[in-house]
Amino acid sequence: MSNDYEYLKKAIFDLTSIDLNAYKEQQMKRRIDTLITKNGIKEYEKYVNLLKTDQSKFEEFVNYLTINVSEFYRNPDQWEVLDKEVFPELIGKFGKNLKIWSAACSTGDEPYSLVMALSRHLPLNQIKIMATDIDKQVIAKAKVGLYGEKSLAGVPADLKQKYFTKIGPSYQISQEIKDRVEFKQHNLLKDAYPTDCHLIVCRNVLIYFKEDAKEAIYKKFESALKPGGILFIGSTEQIITYREIGYERKNSFFYLKP
């Protein structure tokens with residue numbers, strides 16, 4: 001691929017506010033080069049010009065760039081800790097109006113899982129989840145709420161029966177669950193964070209970021225939590241400097257702001 005990757009990084013930031021410097025370069029460059037080649041283009045400058053003039057190619061690029069591997073109740077044992085320990089603790093401390101943020105929510109599997117899991121503790125009309133992602137295409141998919149059977153493998157049987165309707169080979173999540181989630185576009189590296197959160201969930205996303213970008217995001221999450229709030233991360237992640245940032249570790253995937 002001819003042309004300078006530094007040029008491409010700057011051009012993409014100007015177009016999308018996505019900072020490619022925060023991603024592992026070899027892995028991300030390979031992904032981008034594959035997409036550019038698929039479009040029959042050999043130079044970064046020509047591809048940037050295409051993104052500026054073709055909205056569908058622009059959206060294809062953002063969708064391709066963001067990593068959208070998602071499923072309901074991913075790593076069910078961790079969701080059991082959330083159900084049996086974390087939710088009761090948070091409700092005991094803060095009451096029933098919990099402020100919960102699902103960050104980098106992808107196609108909605110995670111925030112919808114949060115609503116269903118919390119519905120075992122609270123009436124649906126008392127549940128509200130903020131869900132954000134950088135990619136407006138996956139947010140659009142999340143709002144539709146249509147999923148393949150594989151995505152639902154971890155959903156408890158009673159909740160699957162209660163909140164999903166089979167449509168052909170796919171499953172539609174119920175409107176009453178969708179109504180409890182507010183989706184917004186958000187860039188973890190650039191945009192302002194919400195404040196006074198009781199629970200932040202960001203799982204299996206930061207593995208794609210460099211160490212300094214990860215640490216900056218974990219610090220911002222800590223600032224976004226209320227004292228007593230909890231950060232829930234993915235099974236592929238760990239916060240090595242959690243004490244320095246200000247967290248206490250509840251277990252491998254849950255970190256408390258004292």
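Which side chain meets that of E222 in a salt bridge? In this predicted model, the partner is K257, with N and O 3.8 Å apart. That contact links distant parts of the chain: E222 belongs to helix α10, K257 to the segment after β10 (254-256), and the two positions lie 35 residues apart in sequence. Neither residue sits out in the open, as E222 and K257 are both buried.

Helix α10, which covers residues 211-224, also hosts a salt bridge of a more local kind. Here K214 pairs up with E211, and the closest N and O atoms are 3.0 Å apart. Both partners lie in helix α10, three residues from each other, or about one turn of the helix. Their surroundings do not match, though. K214 has a relative accessible area of 14%, so this lysine falls under the 20% limit and counts as buried. E211 comes out at 52% relative accessibility, and because that is over 50%, this glutamate counts as exposed. The bridge thus joins a buried lysine to an exposed glutamate.

A216 is another residue placed in helix α10. Its relative accessibility is 34%, which puts A216 in the partly exposed class because the value falls between the 20% and 50% limits. As for its position with respect to another part of the chain, the C-alpha atom of A216 is separated from that of N49 by 32 Å, with the two residues 167 apart along the chain.

Away from helix α10, a further salt bridge brings the side chains of K250 and E89 together, at 2.7 Å from N to O. K250 lies in strand β9 (residues 248-251) and E89 in helix α5 (residues 76-94), so this pair ties together parts of the chain that are 161 residues apart in sequence. What about exposure at the two ends of this bridge? K250 shows 34% relative accessibility and so counts as partly exposed. E89, at 23%, also lands in the partly exposed class, since the cut-off for buried is under 20%.

Taken over the whole structure, the salt bridges number 15. Some residues take part in a network rather than a lone pair: E6, K9 and E25 are linked in this way through salt bridges. Back in helix α10, the bridges described include the one within the helix, between K214 and E211, and the one that reaches from E222 to K257 in the segment after β10.

Technical notes:
Residues are numbered from 1 along each chain as its sequence is written. This is a predicted model: local features need pLDDT of at least 70, side-chain atom pairs count only at pLDDT 80 or more; totals for chains, interfaces and linings use all residues. Side-chain values use heavy atoms; hydrogens and water are left out. Helices (H or I, at least four residues) and strands (E, at least two) are DSSP runs, numbered from the N terminus. Buried means under 20% relative accessible area, exposed over 50%, partly exposed in between (1.4 Å probe, protein chains only). A salt bridge is a side-chain nitrogen of Lys or Arg within 4 Å of a carboxyl oxygen of Asp or Glu.
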